[in-house]
Amino acid sequence: MAVRAVLFDWGGTLTPWHDVDLYAQWYAYSEVYDPENASSLAHRLKEREDDRWRLQRETDGAQSTGALDQLFLDEGIDINGARHLRALGSYLDFWAPHTYADPDAKDVLAALQHRGYKIGVLSNTMWTSTHHREVFERDDLHAYIDVAVYSSEIPVAKPHSEAFRITLERLDVAPEEAVYVGDRLWEDVTGAAQIGMRTIWIPHSAIPSDHVREGTATPDATAHRLLDVFAIVESWQ
Ligand SMILES: [Mg+2]
C-alpha cells in the first residue's frame, strides 16, 4: 500500500537527544516552590516521576504515566496556586534549552507536507498538549503537524498498540499506509511494527540502560540524519 502518513516520535527524534539531570529539573521547581525544603521536595517529585515511568515501561504502555499535574496533586500541591505556577515556570525554563528541534526538522516536515503526506506526532510524555504546542510554535513546526497525540492525555503509551491506533484514527489512515519514525527500538520500532506500520529508526540517542527492553526489533530502515526520512519514505512509493 502507498504511504499516506508519516508519524514522528518527539524526544530524541524531532529534537536531538539530551542527557538531562532529572533531579536538577525538580530542584528548579522546588527551589521556587519551597526554598527551605527544596532538596527533599525535589527528591520526592523525582521519585514519583520515576515510579510512573517505571510502571509505564513494566506494563508495556498499558498504563501511561498520566499528566505532570498528577505528581503535584499526589504531593498535595495546589496546582492553581500562584506559588506552584511560578515554580512550574522555573521547571519549564530549566527544560527549554533541551527542547529545540533538530536542525533538519522543519525541512523534513515541509518536504513531506509538500508531497502530500499527512504528518503526525505520537510522544510518550507527561507534558500537556498545550505546552508541546508552544514548543512547536516556537520552532516554527506547528503548521506542519496534522495530528499530535501525547500519552499524558490518553490512558496508554507506546509501545502499546492502542497509542498508535488512536493516532492513526485521528489521521484517518490505516497502519499499512503509515510510517513511524523514532529513536527507541522497543517503544517506537517494535510498537509500530506490531500493528503493521513501517518503521524508521534514528539511532542517535543514548537511551538509559534501564529503559532498554529485551528483545530485538528490526526497523525497515535506519535514518542517519532526520532529513534522510524523506528519501526513505519516497523510496517506498
Ligand atoms: Mg524518543
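Trainee: In which loop is P208 found?

Mentor: In this predicted model, the stretch that holds P208 follows strand β5, which spans residues 198-201. P208 is found in the loop between β5 and β6.

Trainee: Is P208 buried or exposed, and why?

Mentor: A residue counts as exposed if 12 or fewer other C-beta atoms lie within 10 Å of its own. P208 has 9 other C-beta atoms within 10 Å, and therefore P208 is exposed.

Trainee: What separation is there between the C-alpha atoms of P208 and W10?

Mentor: Along the chain, P208 and W10 are 198 residues apart. In space, the distance between their C-alpha atoms is 17 Å.

Trainee: Which strands are the edge strands of the open sheet of six strands?

Mentor: The strand order is β3-β2-β1-β4-β5-β6, with parallel pairing. An edge strand pairs on one side only, and this holds for β3 (147-150) and for β6 (221-222). The edge strands are thus named as β3 and β6.

Trainee: Which residue in β3 is the bridge partner of G120?

Mentor: Strand β2, residues 118-123, runs parallel to β3 and is joined to β3 by four bridges. For G120, the bridge partner in β3 is V147.

Trainee: Why do the buried residues of α6 line one face of the helix, and which strand do they pack against?

Mentor: In helix α6, residues 129-138, the buried residues include H132, V135 and F136. Seen down the helix axis, the buried residues of α6 fall within an arc of 95°, so they line one face. T130 and E137, on the other side of α6, are exposed. The strand against which the buried residues of α6 pack is β3.

Trainee: Which helix gives the most to the largest nonpolar core?

Mentor: That core has 58 residues, and V6, L7, L112, A178, V179, V181 and V229 touch the most other members. It draws at least three residues from each of domain 1 (5-16 + 100-235) and domain 2 (22-97). The helix that gives the most to this core, with five residues, is α1 (residues 22-33).

Trainee: How many residues of domain 2 are in contact with domain 1, and how many on the domain 1 side that touches domain 2 are nonpolar?

Mentor: The C-alpha centres of domain 1 and domain 2 lie 25 Å apart. Across the boundary, 15 residues of domain 1 are in contact with 10 residues of domain 2. The touching side of domain 1 comprises five polar residues, two charged residues and eight nonpolar ones. The values asked for are 10 residues of domain 2 and eight nonpolar residues of domain 1.

Definitions and conventions:
Residues are numbered from 1 along each chain as its sequence is written. This is a predicted model: local features need pLDDT of at least 70, side-chain atom pairs count only at pLDDT 80 or more; totals for chains, interfaces and linings use all residues. Two strands pair if DSSP finds at least two bridges between them. Helices (H or I, at least four residues) and strands (E, at least two) are DSSP runs, numbered from the N terminus. A nonpolar core is a set of buried Ala, Val, Leu, Ile, Met, Phe, Trp, Tyr and Cys residues joined through C-beta atoms within 7 Å. A residue is buried if 20 or more other C-beta atoms lie within 10 Å of its own, exposed if 12 or fewer, and partly exposed in between; C-beta atoms are placed from the backbone. Domain bounds come from an automatic or database domain assignment. Two residues are in contact if their C-beta atoms, placed from the backbone, lie within 7 Å. Ala, Val, Leu, Ile, Met, Phe, Trp, Tyr, Cys and Pro count as nonpolar, Asp, Glu, Lys and Arg as charged, and the others, Gly among them, as polar. The arc is that of the directions from the helix axis to the C-beta atoms.
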